[in-house]
Amino acid sequence: HQAIAGDEHLKTFPAASGTVVTYYLDYSNNGPALARNVVITDAVPSQLTSVSWNCTSGCTGSGSGSNISLSLGDLAAGASGRIVVTGTATTSVAREDFTNTARIATSTPETSTTNNDSSVPGAVWTSDLLIIKDADALAVAGSTFNATLTIRNQGPAPATSVQVEDVMPAGVTFVSSSPAPSSNTGATYRW
């Protein structure tokens, strides 16, 4: 009789939508005997897309897709290995929580199967950007007027690489702003 064990762990949750996340599937045969026909499976949750995996120790192989199934064959007592799984965290709602469970199985009777499943919680979240443009409804031709753009991230995730774009209406000429725009094309200004 032997016990085979799987351990799944990762870092950095909650992850912002669009972020690449990594799981580590560590496995071992805790012995004392050879484990035959060992298979590792992981049905990666739908919140992770563009999934790929790669054996980094103890096994060979790589692949892609959310339904991972890797036949290890026979696993000697004391043998172990690692599979690295990466995917892109994706959601269109404020926050989605999920659980990822990996399993290891053998056709050989085991002393314990309580360590054959390993689960880790995860979460993916998005930012929620808000922009408000405040200006007088009417302006006298030839006069200068002010407009204020207020930008806010209502979270819950941090927003990165944010770009603001403002298109001047016909008949309006841009004079200045603080901060100055980073670029403009015709009547379109970007910060």
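## Exercises on strands, a pocket and an aromatic cluster

An open sheet of five strands runs in the order S2-S10-S9-S4-S7, with mixed pairing. Its edge strands are S2 (15-16) and S7 (67-75), each of which pairs on one side only. This is a predicted model: local features need pLDDT of at least 70, side-chain atom pairs count only at pLDDT 80 or more, and totals for chains, interfaces and linings use all residues. Residues are numbered from 1 along each chain as its sequence is written, and side-chain values use heavy atoms, with hydrogens and water left out.

Two terms come first. Strands (E, at least two residues) and helices (H or I, at least four) are DSSP runs, numbered from the N terminus. Two strands pair if DSSP finds at least two bridges between them.

### Exercise 1

Trace the antiparallel pairings that involve S4, S7, S9 and S10, and give a bridge partner for each.

Solution.
- Step 1. Take S4 (residues 35-43) and S7: seven bridges join them, and the strands run antiparallel. Val38 stands opposite Gly73 in S7.
- Step 2. Move to S4 and S9 (residues 95-105). Four bridges join this antiparallel pair. Asp42 has Ala102 in S9 as its bridge partner.
- Step 3. Finish with S9 and S10 (residues 117-125). They pair in the antiparallel sense over nine bridges. Here Asn100 stands opposite Val120 in S10.

### Exercise 2

Describe the pairing and the burial of strand S3 (residues 20-29).

Solution.
- Step 1. Find the partner. S3 pairs with S8 (residues 80-89) in the antiparallel sense, over nine bridges.
- Step 2. Fix the register. Thr22 stands opposite Thr86 in S8.
- Step 3. Check the cover. Buried means under 20% relative accessible area, exposed over 50%, and partly exposed in between (1.4 Å probe, protein chains only). S3 is mostly covered, with seven of its 10 residues buried.

### Exercise 3

Work out the order of the open sheet of three strands, and explain what its edges lack.

Solution.
- Step 1. The order is S13-S15-S14, with antiparallel pairing.
- Step 2. S13 (165-167) and S14 (183-185) stand at the edges. Each has a single partner strand, so one side of each is left without a neighbour in the sheet.
- Step 3. Neighbouring strands of this sheet are turned by 20° against each other on average, direction ignored. The axes are lines fitted to C-alpha atoms, for helices over the stretch in contact, and angles run from 0 to 180 degrees between N-to-C directions.
- Step 4. Three bridges join S14 to S15 (residues 188-190), and the two run antiparallel. Thr185 stands opposite Thr188 in S15.

### Exercise 4

Characterise the aromatic cluster, and state which parts of the chain its stacked pair ties together.

Solution.
- Step 1. Rings of Phe, Tyr and Trp (its six-membered ring) pair if their centres lie within 6.5 Å; planes under 30 degrees apart count as stacked, over 60 as edge-to-face and the rest as tilted. The structure holds two aromatic pairs.
- Step 2. Phe174 and Tyr189 form a stacked pair, at 4.2 Å centre to centre and 25° between the planes.
- Step 3. Phe174 lies in the loop between S13 and S14, and Tyr189 in S15, so the pair ties together parts that are 15 residues apart in sequence.
- Step 4. Name the cluster: Phe174, Tyr189 and Trp191.
- Step 5. Compare exposure. Phe174 counts as partly exposed at 22% relative accessibility. Tyr189 is buried, at 12%.

### Exercise 5

Describe the lining of the largest pocket.

Solution.
- Step 1. Define the object. On a 1 Å grid over the protein atoms alone, a pocket is an open set of points with protein on both sides within 12 Å along at least five of seven lines; lining residues have an atom within 4 Å of a point.
- Step 2. Give the volume: about 760 Å³.
- Step 3. Locate the centre. Of the 29 lining residues, the closest to it are Phe145, Asn146, Ala147, Phe174 and Ser176.
- Step 4. Assign elements. S11 (129-135) and S12 (147-153) give two or more residues to the lining. S12 gives the most, with four.

### Exercise 6

Place Thr160 and Ser64, and classify their exposure.

Solution.
- Step 1. Thr160 lies in the loop between S12 and S13. Thr160 counts as exposed, at 67% relative accessibility.
- Step 2. Ser64 belongs to S6 (residues 62-64). Ser64 is also exposed, at 61%.

Technical notes
1 Å grid on protein atoms, 1.4 Å probe; cavity = no way out; pocket = protein on both sides within 12 Å on 5 of 7 lines; lining within 4 Å. Points joined across faces, edges and corners; volume = space filled by probe spheres on them.
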